[in-house]
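I have a new protein open and a blank notebook page. These are my jottings as I look things up one by one.

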Amino acid sequence: MNHTIKTFAMMALGAALLLVACDRDDNNGTPATESNEKLTLTAAGVNFDVVRVAAGSFTMGANPGDPDATEGELPHEVTLTQDFYIGQTEVTQELYEAVTGSNPSFFDSDGNLPVERVSYAAALDFCEQLSELTGRTFTLPTEAQWEYAARGGHRAPATPTLYAGNDDIETVAWYNGNSGGKSQPVATKAPNALGIHDMSGNVWEWCLDRKGDYAAGPQTDPQGPASGSNRIFRGGGWYDPANRCRLSQRDGFIPEFSNENLGFRLVMLP
C-alpha cells in the first residue's frame, strides 16, 4: 500500500470511529440506533422507538362517504411544514415507571401494556422528565400531527383508510369486539404505512390541542382553539365500538381527567 492510499484508509477509519462514538445517548452511555425512518432511544434503561414523519399535506377529517361522520369531523386541508418523530407505540407502563418511578395504570400485569389513568398534565410532565433524561425534546402531538401520522403521513395510501392501517379493524385495533374487556400489549396488531401501531384502539391518546371546532378553510401547522378548558384525545380504545376507533373520531375532556381507557403517545421534535 503506497503512502497516499494508506493515509486515506486511516482517515476513513478515523471517521467511522467518530460516527460510532457520536451515535450515543449522552445521558445513558448506550447506543442510539438511527435510520432515515426510525430512531431507537434509551431512557432509564428502557428502549423505545420513534418513527420519522416527513412534512406534508393531507385532508384532515372524515373520509368521503363515512356514514359515522359528525359535524365535528369536517374535512379540510392541512399542511405540516416540519418533520417530526412520533412514538411507534403508546407510552408503555415499563417506560413510564422507569422515568417517573410510578405506575398509575389499572391493568398493570405487563410492562408492555400501554400506561393509562394518566391525566393531560401528568402526560406533559412525563414528556418534560423524558426530555431531561435524553437531551431531546418530547411533547404530546398536536391533533393535526396525530391524525397525519395515523393516516400514514408521507407514506399514506392513495385512498384514505377508515382505521390506522386499513379498513379491517380486527387486524389493526383492540376495541370492544376483541379486547376481552381490557387493554392489550402494544404492537400486537398490524401497523400502518409508517410502521406505527395502535393509533386505532387499545387506549385513547391525549393531544396538545384544546377541544373545539376546526378552523374554517385550509390550515398550516394548526394548534387548535386559542381558548377552552377541555383537551383533545384521539384514536378510540379497548372499551369502544369500532366506529369510535375511526381515524377522524374526536373526543376530549377536562385536562384533570384520567381513566383506564386513556393513555398517550410521544412526539419528538427535531
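What follows are my entries, from the overall picture down to single residues.

**Entry 1: the overall picture**

I note first that this is a predicted model. I counted the secondary structure and got five helices and 15 strands. The protein has 270 residues, and buried ones make up 47% of them. For the surface, I looked up the exposed area, which comes to about 12400 Å². Carbon and sulfur atoms supply 54% of that area.

Then I checked how far along the chain the contacts reach. Taking contacts with a separation of 6 or more, I found that 68% are between residues 24 or more positions apart.

**Entry 2: a three-stranded sheet**

Next I picked out a sheet. What is the order of its three strands? I read it as β6-β7-β11, an open sheet with mixed pairing. The edge strands are β6 (56–60) and β11 (219–220), each of which pairs on one side only. I then followed β7, residues 76–80, over to β11: the two run parallel and two bridges join them. At Thr79 I found the bridge partner in β11 to be Thr220.

Something packs on this sheet, and I traced it to helix α4, residues 143–150. The helix touches β6 and β7, and its direction makes about 95° with that of β6.

**Entry 3: helix α4 itself**

I stayed with α4 and asked how many of its residues are buried. Eight of the eight are, so the helix is largely enclosed by the rest of the structure. The buried list includes Glu143, Gln145 and Glu147, as well as Trp146 and Tyr148. Just past the helix I noted Gly152, which follows α4 and has a positive phi, near 110°.

**Entry 4: strand β10 and its partners**

I moved on to β10, residues 204–210. This strand is mostly covered, with five of its seven residues buried. I found β14 (residues 262–263) paired with β10 in the parallel sense, over two bridges. Here Glu205 stands opposite Gly263. I also found β12 (residues 231–234) paired with β10, this time in the antiparallel sense and over three bridges. In that pairing Trp206 stands opposite Phe233.

A reminder to myself: strands of a sheet pair through backbone hydrogen bonds, either parallel or antiparallel.

**Entry 5: the nonpolar cores**

Background I jotted down first: in soluble globular proteins, nonpolar side chains tend to be buried together. The largest nonpolar core here has 27 residues. Which residues have the most contacts inside it? They are Phe48, Phe126, Phe138, Phe264 and Leu266. I looked up where the core comes from: β4 (38–43), β5 (46–53), α2 (93–100), α3 (120–134) and β10 each supply at least two residues. The most comes from α3, which gives five.

I zoomed in on Phe48 and skipped residues up to four places away in sequence. Among the residues Phe48 touches are Leu39, Leu41, Leu95, Leu130, Phe138 and Leu266.

Apart from this core lies another one, of 22 residues. Val53, Phe84, Ala144 and Cys207 are among its members.

**Entry 6: aromatic rings**

I listed the aromatic pairs and the count came to 13. The rings of Phe58 and Tyr148 have centres 5.1 Å apart and planes at 35°, so I wrote this pair down as tilted. Phe58 sits in strand β6 and Tyr148 in helix α4, 90 residues apart, so to speak a link between distant parts of the chain. Both residues are buried.

Is the pair of Tyr96 and Phe126 stacked or tilted? The centres are 5.2 Å apart and the planes at 10°, so the pair is stacked. Tyr96 belongs to helix α2 and Phe126 to helix α3, 30 residues apart. I checked burial too: Tyr96 counts as buried at 7% relative accessibility, and Phe126 is buried at 0%.

I also noted a cluster in which ring pairs link Tyr120, Trp204, Trp206, Phe233, Phe253 and Phe257.

**Entry 7: one last residue**

I finished with Ala122, which lies in helix α3. Is Ala122 buried or partly exposed? Its relative accessible area is 24%, so Ala122 is partly exposed. Ala122 and Pro255 are 133 residues apart in sequence, yet I found their C-alpha atoms 9.3 Å apart in space.

Note on methods. Residues are numbered from 1 along each chain as its sequence is written. This is a predicted model: local features need pLDDT of at least 70, side-chain atom pairs count only at pLDDT 80 or more; totals for chains, interfaces and linings use all residues. Side-chain values use heavy atoms; hydrogens and water are left out. Two strands pair if DSSP finds at least two bridges between them. Helices (H or I, at least four residues) and strands (E, at least two) are DSSP runs, numbered from the N terminus. Contact means heavy atoms within 4.5 Å. Axes are lines fitted to C-alpha atoms, for helices over the stretch in contact, and angles run from 0 to 180 degrees between N-to-C directions. Buried means under 20% relative accessible area, exposed over 50%, partly exposed in between (1.4 Å probe, protein chains only). A nonpolar core is a set of buried Ala, Val, Leu, Ile, Met, Phe, Trp, Tyr and Cys residues joined through side-chain atoms within 4.5 Å. Accessible areas come from the Shrake-Rupley method with a 1.4 Å probe; for residues, only the protein chains shown count as cover. Rings of Phe, Tyr and Trp (its six-membered ring) pair if their centres lie within 6.5 Å; planes under 30 degrees apart count as stacked, over 60 as edge-to-face and the rest as tilted.
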